[in-house]
Amino acid sequence: MFTSMPGYGRAAHSTEDWTCEVELRAVNHRFLDLNTVLRGLPRSFESRVNGLVRRALRRGRIDVTVVAARGDSTPDGHRLDGRLARRLVESARELCRELAMAPEIRLGELLQIPGVVTSGDGGWRDSGPAPPIDLVQLTVERALALLTENRQREGARLRSALQVELEGLVDLVERLDEHRVALRSQVLERYRARLQGWLREATGEDGGDAAPEARRDEAVERPTIWSLPSAERLVQEAAVSAERGDVEEEIVRLRSHLGALRALLETGQPRPAGKDDPGDAVPASSSAESVGKKIEFLVQEIVRELSTVSAKGRDAAISHLVVEARGCCERLKEQAANLE
């Protein structure tokens, strides 16, 4: 299951005596970082609330706000004294009857009378009964369920975006392989042309004004192309250049990393490594880590191989493809950073 780190969840639940509201706000973070605020609750409830959140979430900075209030209070911190208000209204009406006056009682004026509305969280204080822990736990679980639902919905969208970038990266690696084969042929052809030129020069096949007999006698005395020190160096240089510029091993590792990334996006787990599959980058120790971290690790390995391809390729077309592939990797990394 792919889950986004950013998200929001809010839930409220009431009993006859208490009301509880829970608000959860989640943003990106490398690890799980909780910031818990309790209002109208004992501090001893914090460990229970944090335990519920830790069991449900693995990554992200989570702002947890839990507010509890008594049944005749509101969680926003105000309390209405209904009995006082009713007594005031009855007293006012009785006075109006005695004075033969028409009663004019407005709700706004009534609420402004001191004592009718009092401030304060209406929750638990240092003395008195605390809110029931079951009520708090139920409300936290409901808020977590809504948060998880929102994060999973966004995670599905992120997964689709990651798959699009992956397919683009696969196409670029295949084009890199095509240029690799063409570049190797070009290197060998360049050195072959130089060797053939030296051969013509060494055997006198490049023409001249001398008589054919003189050229033949002169050719017999010339050393062969393979006996020339410069020719030997050229052969060695051709072999070394072809070997240094060949990125076949890097292409093989890139395909392996991309296969592991595709398996991770399809199943949520990397492809198991085998002896015939070198470079499958996700280590076994990371099996319990989040999907986002696994994707980030694979992208890091892909970027490393692309850097080697760029350094060894020394070709404008390969450099251009590497730049495009790095752009895909950056977008993959940005999207993976939003995954839990």
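**Confidence, sheet and selected residues in a predicted model**

Confidence in this chain bottoms out in helix α5 (residues 212–221), with a mean of 49, and peaks in helix α1 (residues 45–56), at 94. The structure is a predicted model, and the average pLDDT over the chain is 78. A score of at least 70 is reached by 68% of the residues. One stretch to treat with care is residues 272–288, where pLDDT stays under 50. The model still gives this stretch 23 contacts beyond four places in sequence. Where pLDDT is low, though, the predicted coordinates should not be read in detail.

Next comes the chain as a whole. Its secondary structure adds up to 9 helices and 7 strands. Of the 340 residues in the chain, 36% are buried. The accessible surface comes to about 19800 Å², and carbon and sulfur atoms hold 50% of it. How much of the contact network links residues 24 or more positions apart? Among contacts in the chain with a separation of 6 or more, such pairs account for 77%.

Now for the sheet. Four of the strands, in the order β1-β2-β4-β3, make up an open sheet with mixed pairing. Its edges are β1 and β3 (32–39), each of which pairs on one side only. Going from one strand to the next, the twist averages 10°. In general, strands of a sheet pair through backbone hydrogen bonds, either parallel or antiparallel.

The pairings can be followed across the sheet, starting at the β1 edge. Strands β1 and β2 run antiparallel and are joined by 8 bridges. A hairpin connects this pair, passing from β1 to β2 through 3 residues. One of the bridges links Ser14 to Thr19 in β2. Thr19 also stands opposite Ala69 in β4, so this residue has a partner in β1 as well as one in β4.

Moving on, strand β2 (residues 18–27) meets strand β4 (residues 60–70) through 10 bridges, and these two strands are again antiparallel. Here Leu24 sits opposite Val64 in β4. At the other edge of the sheet, β3 and β4 pair in the parallel sense, over 8 bridges. In that pairing, Arg39 faces Val67 in β4. Which helix lies across β3 and β4? That is α1, which runs at about 140° to β3. This is also the helix where confidence is highest, at 94.

Thr36 gives a closer look at this part of the model. It lies in strand β3. Is Thr36 buried or exposed? Its relative accessible area is 10%, which falls under the 20% cut-off, so Thr36 counts as buried. Leaving aside neighbours within four places in sequence, Thr36 touches Glu46, Val49, Asn50 and Val64. With Asn50 there is also a polar contact between the two side chains, at 2.6 Å. Val64, another residue on that contact list, is the one opposite Leu24.

Over at the other edge strand, Tyr8 sits in strand β1 (residues 7–14). Because its relative accessible area is 33%, between the 20% and 50% cut-offs, Tyr8 is classed as partly exposed. Beyond its close sequence neighbours (those within four places), Tyr8 is in contact with Glu23, Leu24, Arg25, Leu146, Leu147 and Asn150. The side chains of Tyr8 and Glu23 make a polar contact of 2.7 Å. Some pairings span a long run of sequence: Tyr8 and Arg151 are 143 residues apart along the chain, yet their C-alpha atoms are separated by 8.1 Å.

The last residue to look at is Arg159, found in helix α4 (residues 133–203). With a relative accessible area of 27%, Arg159 is partly exposed. Which residues does Arg159 contact, leaving aside its neighbours within four places in sequence? They are Phe2, Leu265 and Glu266. Arg159 and Gln335 lie 176 residues apart along the chain, and 8.5 Å separates their C-alpha atoms.

Technical notes. Residues are numbered from 1 along each chain as its sequence is written. This is a predicted model: local features need pLDDT of at least 70, side-chain atom pairs count only at pLDDT 80 or more; totals for chains, interfaces and linings use all residues. Side-chain values use heavy atoms; hydrogens and water are left out. Buried means under 20% relative accessible area, exposed over 50%, partly exposed in between (1.4 Å probe, protein chains only). Contact means heavy atoms within 4.5 Å. A polar contact is a pair of N or O atoms within 3.5 Å; within protein, one must be able to donate a hydrogen and the other to accept it, and residues adjacent in sequence count only if both atoms are side-chain atoms. Accessible areas come from the Shrake-Rupley method with a 1.4 Å probe; for residues, only the protein chains shown count as cover. pLDDT is the predictor's confidence in each residue, from 0 to 100. Axes are lines fitted to C-alpha atoms, for helices over the stretch in contact, and angles run from 0 to 180 degrees between N-to-C directions.
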